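Welcome, and please load the model in your viewer before you read on. We will go from stop to stop, with something to select at each one.

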Amino acid sequence: MSVITSDFVAARADLVARPGFGPGRRHALTGLTDDWLKELVSESGALDLGCTLVAIGGYGRGELAPASDLDLLLLHPGSVAAGEVAAVADKIWYPIWDSGIRLDHSVRTPAQARRLAGQDMKVVLGLLDARTVAGDDRLTVETRSSVLGDWRAMATRRFDELRSFVEERVELYGELAYLLEPDLKESYGGLRDLTVMRALAASWVISPPHNSLSAARLTLLDARDALHVATARATDRLTQQEQPQVAQLLGYADEDELLRAVCGAGRTISFVSSVAWGRVRRQVKRRSLPKLRKIKRTTAREPLSDGVVVQDSEVVLAQDARPDRDPVLMLRAAAGGAQAGLRLAPHTVDRLAQESAPLPVPWPRQARESLVSLLGAGRWTVPIWEALDQADLISRLIPGWDVVRSAPQRNPVHRFTVDRHLVETAVAASTHTRKVSRPDLLLVGALLHDIGKGRGGDHTSIG
């Protein structure tokens, strides 16, 4: 091992061993790694050949975790002999391998990188965050610009490919928000979905996600950093075995508080992701419609229930709706959307959160019927419920819901957090409503059967 590499390994170990987590630590680790690689590139002779070393993926974003691998691309102008490029590349790669750091590497011309991006969605996602580490930045700019230009031109034809990529991960890794041992990167609602949403925004088909993702992103990045320190290896799965130490490293009171924070971050990301994909589908549908001249475009609003209409395949409030004077409107809109298999428009949820009058106690009959209708809608109950919960509207409806929200269940029988377990139970119960004389009691009982959890003591008696 060279002196340059041994000095880097020692400095990196010292930095990783320091207490504390956060953006500053990741920025320092990225900067330290950049400086080392610049020296390796300088000694290799790559600069004399016009090569550029590019960081992509998480390293390109400056999100290096203690055990992260390095995603590197060596760009060259194409006018240099392949043997010469391979020789200088080896002088960069071998010291990295000697350091013990895992390496994902490639050597390409800008044209080759562009061509591969047109064939492989993962290449597109990696190059979104391409950043020059050493060499002429013009090669990086040329590559990133051409890949982005192609992505924007072809995005509507490649969205299905990207969506399949997301769905495969859901099938393999589940939903982060409701798992007791989530994968912080690959589970739906994890760090990978932040990259996917950046790709959706880069297509210019939809606007960038809102700032609510910033806190969720930091929560997951900090958890992954602490997980790497706790395990001394590159892993993204937050197992129950590692949770106590990770919680201690991050300053949480216990592993339950850690998991609640992680699950809460995951549900925020997955919710925003679902909204983003809904907007993509609508935009693609609009662009596929034939354009007719001299016809004034109008947006139809179809009635769904009192004060609730369907517009552009989303549930919105009627123009004369007054949430401040109609406390049942929230439940009516939710039930109507779930029964119709339609999502609540984000601006509708925001308005309901800001303007809805509190329900009187006891609830009026129409409110009770709307709740039962919502719970009886089957799988469509879940996204509607999640939209309301993201705006803290469920906590207004059900006293004590905030206690079970994202609360873990450390029992091998359970797959979900308490709140999702309750909703899933109601969804399962909805398939049996025709077999009982009081389907309303079945559905509400299913929803509330574990509402006493998370408070200490016998949850059945408390509930």
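Helices and strands here are DSSP runs, numbered from the N terminus, with at least four residues for a helix and at least two for a strand. Keep in mind as you click around that this is a predicted model.

**Stop 1: the largest cavity**

Start inside the protein. The structure holds two cavities of 30 Å³ or more, and the largest cavity offers about 60 Å³ of space. To see its walls, select Tyr178, Arg267, Val382, Trp385, Glu386, Asp389, Trp401, Asp419, Arg420 and Val423, which line this cavity. Now colour helix H15 (381-390) and helix H18; each of them supplies at least two residues of the lining. Which helix gives the largest share of that lining? H15 does, with four residues.

**Stop 2: aspartate 419**

Stay with the cavity and pick one of its lining residues, aspartate 419. You will find aspartate 419 in helix H18, which spans residues 418-429. Is aspartate 419 buried or exposed? Its relative accessible area is 2%, so aspartate 419 is buried. Show side chains, and look for the polar contact between the side chains of aspartate 419 and arginine 267, at 2.5 Å. Arg267 is also one of the cavity's lining residues. For the wider surroundings, leave out the neighbours within four places in sequence and display Arg267, Asp389, Trp401, Val404, Arg405, Ser406 and Ala407, all in contact with aspartate 419.

**Stop 3: a hairpin and a crossover**

Next, select residues 308-311 and 314-317. The first range is strand S6, which pairs with S7 in the antiparallel sense over four bridges; the second range is strand S7 itself. Glutamine 311 stands opposite glutamate 314 of S7. S6 and S7 form a hairpin with two residues between them, and aspartate 312 in the turn has a positive phi of about 55°.

Click on serine 313 as well, in the loop between S6 and S7. With 41% relative accessibility, serine 313 counts as partly exposed. Beyond its neighbours within four places in sequence, serine 313 is in contact with Lys285 and Leu342. If you have a distance tool, try it from serine 313 to glutamate 424: the two are 111 residues apart along the chain, and their C-alpha atoms are separated by 25 Å.

Turn S7 to view its two faces. Glu314 and Val316 lie on one side, Val315 and Leu317 on the other, and all of them are buried, leaving both faces of the strand covered.

Add residues 343-344, which make up strand S8; S7 and S8 run parallel and are joined by two bridges. Here glutamate 314 stands opposite arginine 343 of S8. Follow the chain from S7 through helix H12 (residues 329-340) to S8, and you trace a right-handed β-α-β crossover.

**Stop 4: the largest pocket**

Now move to an open space. The largest pocket contains about 1,000 Å³ of space. Of the 44 residues lining this pocket, select Gly57, Asp71, Asp104, Lys185 and Arg192, the closest to its centre. Among the elements that give two or more residues to the lining are strand S2 (70-75), strand S3 (103-108) and helix H7 (137-173).

Zoom in on aspartate 104, found in strand S3. Its relative accessibility is 44%, so aspartate 104 counts as partly exposed. Not counting residues up to four places away in sequence, aspartate 104 touches Asp69, Leu70, Asp71 and Leu72. For another distance, go from aspartate 104 to isoleucine 56: they are 48 residues apart in sequence and 9.9 Å apart in space, C-alpha to C-alpha.

**Stop 5: serine 44**

The last selection is serine 44, in helix H2 (residues 23-44). What does its relative accessibility of 4% make serine 44 count as? Serine 44 counts as buried. Its side chain reaches the backbone nitrogen of alanine 46 at 3.1 Å. Serine 44 also touches Val88, Lys91 and Ile92, not counting residues up to four places away in sequence. For a final check with the distance tool, choose leucine 184, which is 140 residues from serine 44 in sequence and 36 Å from serine 44 in space, C-alpha to C-alpha.

How values were computed
Residues are numbered from 1 along each chain as its sequence is written. This is a predicted model: local features need pLDDT of at least 70, side-chain atom pairs count only at pLDDT 80 or more; totals for chains, interfaces and linings use all residues. Side-chain values use heavy atoms; hydrogens and water are left out. Buried means under 20% relative accessible area, exposed over 50%, partly exposed in between (1.4 Å probe, protein chains only). A polar contact is a pair of N or O atoms within 3.5 Å; within protein, one must be able to donate a hydrogen and the other to accept it, and residues adjacent in sequence count only if both atoms are side-chain atoms. Contact means heavy atoms within 4.5 Å. Two strands pair if DSSP finds at least two bridges between them. A crossover is right-handed if, with the strands pointing away from the viewer, the path from the first strand over the helix to the second runs clockwise. On a 1 Å grid over the protein atoms alone, a cavity is a set of points where a 1.4 Å probe fits but cannot get out, and a pocket is an open set with protein on both sides within 12 Å along at least five of seven lines; lining residues have an atom within 4 Å of a point. Grid points are joined across faces, edges and corners, and a volume is the space filled by probe spheres set on the points.
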